[in-house]
Structure formats: structure tokens, C-alpha cells
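Here are some short notes to read beside the model. Keep the structure open and find each residue as you go.

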Amino acid sequence: MQSKREYSFDILRVIAMIMVVTIHVSNVYSRSFGIISNSSFIISLVFNTFSRISVPIFLMISGALLLDREFNREKYFKRIRKFIILIIVWDIIYLIWEYLYLGTTYTNLYKLIFTPYRAHLWFLYTILILYIIQPILRLVLLKSSTKVKTILLSLWILFSTGSMLNPTLAQYFTIFSYMGFFVVGKYLYDYVKSNDLRKYNIILIIISLILFIMSIILNYQTSIRTNMFYNLFFAYRTPFIFIPSISIFTLIVNNYKKDSINKLVMLLSDLSLGVYLIHGIFLDITVELFIYPNFNSLIAIPLFTLIISICSIISIYIIKKIKLINQIV
């Protein structure tokens with residue numbers, strides 16, 4: 001059982017944290033297809049595509065950590081209770097925020113039970129489901145032979161690819177796709193830790209780059225053909241994203257062998273969930289103040305990503321210091 005902190009996960013969390021902000025900044029440009037210049041749109045696709053490995057990385061880290069632990073009833077219910085509270089609190093925070101800042105009203109409060117008020121909060125709902133079924137998934141992994149695990153992994157890859165081609169299948173496959181990342185995180189972590197895969201570094205990088213480029217080209221061509229922003233080819237479940245996600249996870253875990261890490265990286269890692277939750281507020285502020293499409297995406301996406309990330313990090317750091325509210329991040 002894992003007993004010490006895995007510092008490669010800290011690096012991955014910080015990378016994924018920044019990439020999540022990048023996704024939502026570049027999304028503003030990508031969704032402005034037809035309004036912004038063609039070159040600005042292509043650049044937004046590049047940033048958007050490369051950053052899509054963020055959520056799979058978060059899920060794989062969670063799976064690697066939780067599926068390696070013996071079941072503890074007290075910690076299990078404490079973890080579930082924490083995420084239920086996070087869902088309630090952050091749905092309310094964004095509901096109030098949008099009402100006060102954007103003038104948005106929301107009447108279907110009952111829908112918040114199953115659907116997040118703010119789009120990016122879907123991650124809390126998903127991770128809660130995975131935490132609930134974690135004991136079952138762990139038991140399946142413990143009782144399964146290597147052959148069975150390989151078959152299950154192959155089926156996951158098959159259905160992931162199939163769901164890209166069949167929208168109906170995709171609709172029902174989403175949660176299983178995320179479950180796959182959760183399980184693959186544990187399976188991959190164990191394999192990487194017991195095998196030196198550094199000789200495959202270049203191959204993993206090249207494969208990832210090829211798939212990223214294919215995703216960009218396919219999304220661009222389809223957007224042009226349909227005359228609207230098309231993003232299926234960088235959905236998390238597609239091979240264009242899940243293979244690079246697995247590759248980057250493998251690269252970082254396999255190549256970072258040290259038993260310590262920069263304190264700033266560790267601090268940022270501990271703030272990553274909070275940054276994920278709060279960054280939407282600073283995204284709203286910058287979008288309102290600067291009107292993104294007025295700026296070229298090549299400069300604006302990294303600049304606004306930096307601004308939003310810094311503001312979010314400072315805010316969460318302060319909130320964590322306040323005892324009455326530090327549990328919400």
C-alpha cells in the first residue's frame with residue numbers, strides 16, 4: 001500500500017491545474033468561431049487541444065491513490081461527505097456570483113441535484129460517483145488476473161474510440177470513460193513503478209504530438225465544413241486525448257524519481273482543487289473587462305491564463321488560512 005507522498009503527482013497536479021484554466025480561456029476564443037480571425041481560431045484550438053489532458057490526469061492521480069488503499073469506512077464516508085458539501089457550496093457560490101455580477105437568474109434549483117450550475121463543476125459530480133464506487137472498483141482490481149485487466153483495458157479503449165464515432169453510444173459511455181481513467185491510473189502507476197520505461201520517452205512524446213496535431217486538424221476542418229465550432233476530436237474519451245494523457249502521466253511518473261520536490265510546487269499542488277473551483281469567477285471578470293476576441297489569441301490565451309491562475313492561487317491560499325471557510329477548498 002502506498003505510504004508516502006508521490007511527488008510526481010504534485011508536478012502533474014500543477015500542470016493539470018494550469019491546463020484547466022487554459023482550456024476555459026481558449027474556449028472563449030474557440031467558441032467565437034466566425035467572429036475572430038482564422039489564425040486566432042487555429043491558435044485557440046492548439047491551446048485547447050494540448051490542455052485537454054488535464055482532467056484525465058486528475059482522474060488518473062485519484063485512481064492511483066485511492067485504489068491503492070485498504071477500505072476505511074470512516075475515511076470513505078468523510079471523503080464522500082466532503083465532496084457533497086463542495087458541490088452544494090460551489091453551486092451556491094456561482095449561483096450568487098452570476099446573479100450579482102452577470103445578472104443571471106436561475107429558477108430550476110432542483111436540477112442542481114444532478115447537473116452542476118456552472119459547467120466546470122461537473123468534475124465534482126463525477127469524482128463523487130467514482131469515490132462512491134471506489135470500494136467496488138478496488139475489489140474488482142484485486143480479484144482480477146492480469147489477463148482480465150488487459151481485457152477490461154482493451155474494452156475501454158474500444159468503447160472510447162467507438163463512442164467518438166457514435167453520438168448515441170457516447171451519451172451513455174461518458175461516466176464509464178471517466179471510470180476508465182480512474183482505474184487506468186492505478187493500473188498504469190503500478191506498472192510504471194515496477195518497470196523502467198524511460199527508453200520510450202521519445203516515442204511517447206512523438207505519439208502524443210501526432211495525435212494532438214490530428215485532433216487540431218480534424219476539429220478545424222470540421223468547423224470549417226459545418227461553419228460552427230466543432231470539438232468532438234478533443235473530447236476526453238477520444239484516442240486523440242486519452243493516449244496523450246496516459247503518455248504524459250507515464251512520462252512524469254517514470255522520470256521523476258526524486259524523494260523531494262520544490263516547496264512551491266508542493267504548495268501549488270495542494271491548492272489545485274481550490275484553483276479549479278474558483279477560477280471561473282476570475283474568468284468572468286477578465287472576459288467582461290477585456291472582451292477576449294479583441295485580442296489576438298496567441299498573446300491573450302497565455303496572458304489571461306497567467307492572470308486568472310495567479311488570482312485564483314492567491315485567493316485559495318488566503319481562504320485556506322481562514323478556519324471558518326477553509327473546508328470549501
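1. Start with the largest nonpolar core, which has 86 residues. Phe 9, Val 25, Leu 59, Trp 90, Phe 181 and Phe 249 touch the most other members. Helix α1, residues 7-30, gives the most to this core: eleven residues. Bear in mind that this is a predicted model.

2. A second core lies apart from the largest one. It has five residues, including Met 164, Leu 211, Leu 232 and Phe 240.

3. Now pick out Phe 181. Leaving aside residues up to four places away in sequence, Phe 181 touches Pro 56, Leu 59, Met 60, Trp 156, Tyr 236 and Phe 242.

4. Turn to helix α5, residues 122-143. The helix has 22 residues. From first C-alpha to last, α5 reaches 31 Å, close to the 32 Å expected at 1.5 Å a residue. Where does α5 bend? The bend is at Ile 133, by about 55°. A proline, Pro 135, follows within four residues.

5. Many side chains deserve a look here. Among the buried residues of α5 are Phe 123, Leu 124, Ile 127, Leu 128 and Leu 130. Gln 134 and Arg 138 are buried as well.

6. Is Tyr 131, in α5, buried or exposed? Tyr 131 counts as buried because its relative accessibility is 10%, and buried means under 20%. Its contacts include Ser 62, Leu 66, Tyr 76, Arg 79, Phe 83 and Phe 182, not counting residues up to four places away in sequence.

7. Finally, compare positions along the chain and in space. Tyr 131 and Gly 185 are 54 residues apart along the chain. Their C-alpha atoms are separated by 14 Å.

Key
Residues are numbered from 1 along each chain as its sequence is written. This is a predicted model: local features need pLDDT of at least 70, side-chain atom pairs count only at pLDDT 80 or more; totals for chains, interfaces and linings use all residues. Side-chain values use heavy atoms; hydrogens and water are left out. A nonpolar core is a set of buried Ala, Val, Leu, Ile, Met, Phe, Trp, Tyr and Cys residues joined through side-chain atoms within 4.5 Å. Buried means under 20% relative accessible area, exposed over 50%, partly exposed in between (1.4 Å probe, protein chains only). Helices (H or I, at least four residues) and strands (E, at least two) are DSSP runs, numbered from the N terminus. Contact means heavy atoms within 4.5 Å. The expected span of a helix is 1.5 Å times one less than its number of residues. The bend at a residue is the angle between axes fitted to the seven residues ending there and the seven starting there.
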